[in-house]
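Please explain how selected residues of this protein are placed, with attention to their surroundings and their exposure to solvent.

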Amino acid sequence: KAENLLDQNIHPTIIVSGYRKAVEKALEVLRKIGMPVDIEDRDTLKKVALTSMGSKAVKAAYEHLAEIAIDAVKQIVEERGGKRVADIDNIQIMKKEGKSLFDTELVKGIILDKEVVHPGMPKRVEDAKIALLNCPLEIEKTEFDAEIRIRDPTQVKAFLDQETRMLGEMVEKIKAAGANVVICQKGIDDMAQHFLAKEGILAVRRAKESDMEKLAKATGGRIVNNIDDLTPEDLGEAGLVEERKIGDDKMVFIQECKNPRSVSILIRGGLERMVDEAERALHDALCVVRDVVEKPKIVAGGGAVETELAKRLREYAREIGGREQLAIEAFADALEVVPKTLAENAGLDSLDVMVSLRAEHEKEGGEHIGINVFTGKTIDTYEAGVIEPIRVKEHAIKSAEEAASMIIRIDDVIAASRLKEEEREKAPKPPEVGGEF
């Protein structure tokens, strides 16, 4: 929309200034028309999640996915500095083909894409006490090469026995701390595996660092860097640790944690593409629910809020006057691209839709009127349950203005440098110095 203004010889600085004023006004209007929401109002949270997934290919199961998204976000919310924070990095998403979308489940704990290291270990442990280790259960090699000269065969046995004794002591320390499950970020020696299996301890090795951090939050345990430091207070707790076969792979489920600050979602679906689409849909749902939880205000969707903002900005532009008025009006036109595109994507006549939308918004109380893409008519989208977090709209408007302003300014610099280059080329060249003397 700025290109037309540039063609009319309006300076980029004036356009940028007008855009900035338009953003400030738009955010002010958003704050006024945004409706507060109680984060315990599950029905509203569900409508927000469903709106974000409305255009995805998971329509059949989107109510099921919305419920999972709400439960997952509410589980990880914490208070920081008097504010609610929901970090969706604490929600682990695992994907496995097989079964249907309706078999997607929320696990109050963590899923490890690993299997139990030794066949002799238990595959299921209830009331688990979990040791989280960031150290290898192996005999560490020396930093520099060493040579041991053995002259007597009995010394070889003594040497090997000492290694076995050291590994046995490591396992004894784990048992003494009261652990019946070991999740290790590093390797576990074959002999150590044998001793752990003998003690009935379930062990998993080479867990990812990110999974270890999530496990600490989910189980309430502490990651220990040295086995000598392991105490009963460092152990995490879970109601059940179990190895299950999911599809063709074995996975370890650490679940039924008391109050986990990190949870997992296992996405199922018949096709790889469907699982990927479900992941995208679920990610969108998690993000919008998080936005409402952190900033509990919503606005009507379906192009309603953009049409209302465009109307208010045109009124504001008349108050400002001058050349900046044109920039603010261009900003208002740009906002209307959202309902126009919605109408076009639904196979409707965008001109007819925009005329009727503008007419409805001129009436009193018409700020929630948007498009019903199925009928082509205008409806109260708030009543229809098509709602979005205010934070999404604020971010979209700010980002659009910043990107547009940057491009306009850069374009101006490039155009100016090109002009100078052309002038330099056209300028008469000084006579060449040379000739015979």
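**Selected residues in context**

Arg 205 has a relative accessible area of 33% and is therefore partly exposed. The model in which this value was computed is a predicted one. Arg 205 belongs to the loop that runs between β9 (202–204) and α7 (209–219). Together with Lys 114, Arg 206 and Lys 208, Arg 205 forms a positive surface patch. Membership of such a patch requires a relative accessible area of over 30% and the absence of a salt bridge, and the 33% computed for Arg 205 satisfies the first of these conditions.

Helix α7, which follows that loop, also contains Thr 219. Here the relative accessibility is 8%, so Thr 219 counts as buried, the cut-off for that class being under 20%. The side chain of Thr 219 makes a polar contact with the backbone nitrogen of Gly 221, at 3.3 Å.

Two further residues are partly exposed. Gly 54 is situated in the loop between α3 (42–53) and α4 (62–76), and its relative accessibility of 32% places Gly 54 in the partly exposed class. Between the C-alpha atoms of Gly 54 and Phe 195 the separation is 54 Å, and along the chain the two residues are 141 residues apart.

Asp 161, by contrast with a loop position, is part of helix α5, which spans residues 153–176. Asp 161 counts as partly exposed because its relative accessibility is 31%. From Asp 161 to Asn 180 the C-alpha distance is 26 Å, with these positions 19 residues apart in sequence numbering.

Notes:
Residues numbered from 1 in each chain as written. Predicted model: local features only at pLDDT ≥ 70, side-chain atom pairs only at ≥ 80, totals over all residues. Heavy atoms only, no water. Patch = residues over 30% accessible without salt bridge, like charges linked within 9 Å, V, L, I, M, F, W, Y side chains within 5 Å. Areas by Shrake-Rupley, 256 points an atom, 1.4 Å probe, with all protein chains shown as cover. Salt bridge = Lys/Arg side-chain N within 4 Å of Asp/Glu carboxyl O. Lys, Arg positive; Asp, Glu negative; His and termini not counted. Charge placed at Lys NZ, Arg CZ, Asp CG, Glu CD. Helix = DSSP H or I, 4+ residues; strand = E, 2+ residues; numbered from the N terminus. Buried < 20%, exposed > 50% of the residue type's maximum accessible area, 1.4 Å probe, protein only. Polar contact = N/O pair within 3.5 Å; in protein donor to acceptor, adjacent residues only side chain to side chain.
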